[in-house]
Amino acid sequence: MSFKSFLHIYLRHVKELTVENQFGERSKFQLAEKDLNATMNIVLDALNDEYQKYKDEHPNNRFFRKGNMAYYYNGDYYDIDILPDGQIGSFYKRIDN
């Protein structure tokens, strides 16, 4: 994860780190900040085989699981976007109205 990705995920989606009046409509993790990295590791590990196969077939494309393809873990759905260079572009808990 790049520093930019780290800031994107933590500042927009971790309630304790939210900047007042910024990104208010973004989903917030129902996890303690310290648990976010562990959750990301679990989800990424579960998707690793699928990701590796996809990257073998589409080496220059981004890999994502969003919307109906979001990954279900521990009662929540997570959207994830992995950039073509392998860095995490985004990772957040999905909220649907």
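Is Tyr72 buried, exposed or partly exposed? Tyr72 turns out to be partly exposed, because its relative accessible area is 47%, which falls between the 20% and 50% limits. That is one detail of a predicted model, a chain of 97 residues with 29% of them buried. Here's a quick tour, from the overall layout to the core, the hairpin, the aromatic pairs and one unusual backbone angle.

**Layout and confidence**

- The chain has two helices and four strands, and going along the sequence they come in the order α-α-β-β-β-β.
- Average pLDDT for the chain is 78, and 63% of the residues reach at least 70.
- Confidence varies by element: helix H1 (residues 3-13) has the lowest mean pLDDT, at 62, while S1 has the highest, at 95.
- A general caution applies here: where pLDDT is low, the predicted coordinates should not be read in detail.
- Of the contacts with a separation of 6 or more, 41% are between residues 24 or more positions apart.
- About 6,400 Å² of the chain is exposed, and 48% of that comes from carbon and sulfur atoms.

**The nonpolar core**

- The largest nonpolar core has 12 residues, among them Leu36, Met40, Val43, Leu47 and Tyr51.
- Also in this core are Phe63, Tyr71 and Tyr78, along with Ile80, Ile82, Ile88 and Phe91.
- Three elements give two or more residues to this core: helix H2 (33-57), strand S3 (76-82) and strand S4 (88-93).
- H2 is the top contributor, with five residues.
- As a general point, nonpolar side chains in soluble globular proteins tend to be buried together.

**The S3-S4 hairpin**

- S3 and S4 run antiparallel and are joined by five bridges.
- The two strands make a hairpin, with five residues between them.
- In the turn of that hairpin, Gly86 has a positive phi of about 95°.
- Across the pairing, Ile80 sits opposite Phe91 in S4, and both of these residues also belong to the largest nonpolar core.

**Aromatic pairs**

- Searching the whole structure turns up four aromatic pairs.
- Take Tyr51 and Phe63: their ring centres are 5.4 Å apart and their planes meet at 80°, so this pair counts as edge-to-face.
- Tyr51 comes from helix H2 and Phe63 from strand S1 (residues 63-65), so the pair ties together parts that are 12 residues apart in sequence.
- Tyr51 and Phe63 are both buried, and both appear in the largest nonpolar core.
- Tyr54 joins Tyr51 and Phe63 in one aromatic cluster.
- Tyr72 and Tyr77 make another aromatic pair, this one tilted, with 4.9 Å centre to centre and 55° between the planes.
- Neither ring of the tilted pair belongs to a buried residue: Tyr72 is partly exposed at 47% relative accessible area, and Tyr77 is partly exposed at 43%.

**An unusual backbone angle**

- Asn74 has a positive phi of about 55°, even though it isn't a glycine.
- For context, most residues other than glycine have a negative phi.
- Where does Asn74 lie? Asn74 is in the loop between strand S2 (71-73) and S3.
- Asn74 is exposed, because its relative accessible area of 62% is over the 50% cut-off.

Note on methods: Residues numbered from 1 in each chain as written. Heavy atoms only, no water. Core = buried A, V, L, I, M, F, W, Y, C linked by side-chain atoms within 4.5 Å. Buried < 20%, exposed > 50% of the residue type's maximum accessible area, 1.4 Å probe, protein only. Pairing = 2+ DSSP bridges. Phe/Tyr/Trp six-rings, centres within 6.5 Å; stacked < 30°, edge-to-face > 60°. Contact = heavy atoms within 4.5 Å. Areas by Shrake-Rupley, 256 points an atom, 1.4 Å probe, with all protein chains shown as cover. pLDDT = per-residue confidence, 0-100.
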